[in-house]
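Colleague: Could you take me through one part of this model slowly, as if I were new to reading structures? I would like a close look at a single helix and what lies around it.

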Amino acid sequence: EIEIAGLVIEMGLLHSAADEYDKAMILLTNALKLQRQIYGTYHLDVAYTLCKIADICILKNQNKNALSAYNSALTIRMKLLSHEDAAADETIGSLLFLIGSTYKRIKNLDEALKYLTEARQFF
């Protein structure tokens, strides 16, 4: 089942690269369901897939859905954070940056500034 989820994710990313966002979203959402069945809620692969879903939401101008997916990924990363892992810190910083940028897109500048300021501490 793990291999199937990985294959479905790759297929979704291929559709996204071909600007077939609806097909990509269906595949990534199915992969996310499968990952949650295999791993549970708090797993790095689940966070990765949520980020890919959020990226597609941005491309489809579905900013609120993107915020939801990015925030879910951030919650997972924060829960699994190992303070000795600099890469994890950078990933959290990147997620905070993406959330801040998305708030900027929807003209919520106070929230954008809050997240972008918080992101600075991780770089």
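**Salt bridges and a helix**

Modeller: Happy to! This is a predicted model, and the count of salt bridges in it comes to two. In one of them, the side chains of D22 and K60 meet, with N and O 2.4 Å apart. This pair links distant parts of the chain: D22 belongs to helix α2 (residues 21–39), while K60 sits in the loop between α3 and α4, 38 residues away. D22 is exposed because its relative accessible area, 51%, is over 50%. K60, at 27%, is partly exposed.

That loop brings us to our helix, α3, which covers residues 44–59. Its 16 residues reach 23 Å from the first C-alpha to the last, close to the expected 22 Å. Look along α3 and you will find these buried residues: V46, A47, T49, L50, C51, I53, A54, I56, C57 and I58. Just after α3, N61 takes a positive phi of about 60°.

Now go back to residue L44, where α3 begins. Together with Y42 and L80, L44 forms a nonpolar patch on the surface, and the three share about 260 Å² of accessible area. L80 comes from helix α4 (residues 63–80), and its relative accessible area of 37% makes L80 partly exposed.

For contrast, try the salt bridge between E111 and K114, whose closest N and O atoms are 3.4 Å apart. These two are three residues apart in helix α6 (residues 109–120), so about one helical turn separates them. Both E111, at 24%, and K114, at 44%, are partly exposed.

Key: Residues are numbered from 1 along each chain as its sequence is written. This is a predicted model: local features need pLDDT of at least 70, side-chain atom pairs count only at pLDDT 80 or more; totals for chains, interfaces and linings use all residues. Side-chain values use heavy atoms; hydrogens and water are left out. Helices (H or I, at least four residues) and strands (E, at least two) are DSSP runs, numbered from the N terminus. The expected span of a helix is 1.5 Å times one less than its number of residues. Buried means under 20% relative accessible area, exposed over 50%, partly exposed in between (1.4 Å probe, protein chains only). Patches are made of residues with over 30% relative accessible area and no salt bridge: like charges are joined within 9 Å, nonpolar side chains (Val, Leu, Ile, Met, Phe, Trp, Tyr) within 5 Å. Accessible areas come from the Shrake-Rupley method with a 1.4 Å probe; for residues, only the protein chains shown count as cover. A salt bridge is a side-chain nitrogen of Lys or Arg within 4 Å of a carboxyl oxygen of Asp or Glu.
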